[in-house]
Amino acid sequence: MLSWTDRIPLYLFLVAALTLGLSPFLPEPHLWEKLKMLADGTLGKPIDIFDLVLHATPWVLLILKLLRLLTRRHDAALR
């Protein structure tokens, strides 16, 4: 399913999450701002929803990559 992630090194997912996922850094990371808006119920404008998706995608991909690595190691240990 996510075999394309096997070809991309883990550090690239990490760099993407830390740069695109958190930029702009000041006054607070954009992702954090959008998550607070989501929790407050004020995330309604299409641009805000797009921003949330844009800045959350690198983090979701990093988590999926880590889960894939863990499951592959677990499967290899069972063999």
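Four salt bridges were counted in the predicted model. One of them joins D6 and R68, with the closest N and O atoms 2.8 Å apart. This pair links distant parts of the chain. D6 lies in the segment before α1, which covers residues 10-19, and R68 lies in helix α3, residues 46-78. The two partners are 62 residues apart. Both ends of the bridge retain some accessibility. D6 is partly exposed, at 29% relative accessibility. R68 is partly exposed as well, at 24%.

A salt bridge also forms between E28 and K36, where the closest N and O atoms are 3.1 Å apart. E28 has a relative accessibility of 23% and counts as partly exposed. K36 is likewise partly exposed, at 36%.

The bridge between D48 and K34 has an N to O distance of 2.8 Å. It, too, links distant parts of the chain: D48 belongs to helix α3 and K34 to helix α2, residues 30-40. These partners are 14 residues apart. Both fall under the 20% limit for burial. D48 is buried because its relative accessible area is 10%. K34 is buried because its relative accessibility is 4%. The pair does not stand alone, as K34, D48 and D51 are linked in a network of salt bridges. In general, side chains of opposite charge can pair when their charged atoms come close.

The overall fold is helical. The protein has three helices and zero strands. Along the sequence the pattern reads α-α-α. The radius of gyration is 16 Å, well over the 12 Å that the globule rule gives for 79 residues, so the protein is more spread out than a compact globule. The C-alpha trace spans about 50 × 20 × 15 Å along its principal axes. Of the 79 residues, 22% are buried. The protein exposes about 5,800 Å². Carbon and sulfur atoms supply 72% of that area. Among contacts with a separation of 6 or more, 63% are between residues 24 or more positions apart.

Confidence was examined next. The mean pLDDT of the protein is 86, and 91% of the residues score at least 70. Among the helices, α1 has the highest confidence, at a mean of 91. Confidence is lowest in α3, at a mean of 86. Where pLDDT is low, the predicted coordinates should not be read in detail.

Helix α3 contributes several further features. H55 is found in this helix. The residue is buried because its relative accessibility is 5%. Leaving aside residues up to four places away in sequence, H55 touches L20, G21, S23, H30 and L31. One of these contacts, S23, takes part in a cis peptide bond. That bond joins S23 to P24, with omega at about -15°. P24 lies in the loop between α1 and α2.

A nonpolar patch occurs on the surface. The patch is made by V60, I63, L64, L67 and L70 and covers about 440 Å². L64, one of its members, lies in helix α3. With a relative accessible area of 31%, L64 counts as partly exposed. This value passes the 30% cut-off for patch residues.

L69 is also located in helix α3. Its relative accessible area is 23%, so L69 is partly exposed. The C-alpha atoms of L69 and P9 are separated by 11 Å. These two residues are 60 residues apart along the chain.

Taken together, helix α3 recurs in the features described. It holds R68, the partner of D6 in the segment before α1. It also holds D48, which pairs across to K34 in helix α2. The buried H55 and the partly exposed L64 and L69 offer three further points along the helix.

Notes: Residues are numbered from 1 along each chain as its sequence is written. This is a predicted model: local features need pLDDT of at least 70, side-chain atom pairs count only at pLDDT 80 or more; totals for chains, interfaces and linings use all residues. Side-chain values use heavy atoms; hydrogens and water are left out. A salt bridge is a side-chain nitrogen of Lys or Arg within 4 Å of a carboxyl oxygen of Asp or Glu. Helices (H or I, at least four residues) and strands (E, at least two) are DSSP runs, numbered from the N terminus. Buried means under 20% relative accessible area, exposed over 50%, partly exposed in between (1.4 Å probe, protein chains only). pLDDT is the predictor's confidence in each residue, from 0 to 100. The radius of gyration is taken over C-alpha atoms; the globule rule is 2.2 Å times the number of residues to the power 0.38. Contact means heavy atoms within 4.5 Å. Accessible areas come from the Shrake-Rupley method with a 1.4 Å probe; for residues, only the protein chains shown count as cover. Patches are made of residues with over 30% relative accessible area and no salt bridge: like charges are joined within 9 Å, nonpolar side chains (Val, Leu, Ile, Met, Phe, Trp, Tyr) within 5 Å.
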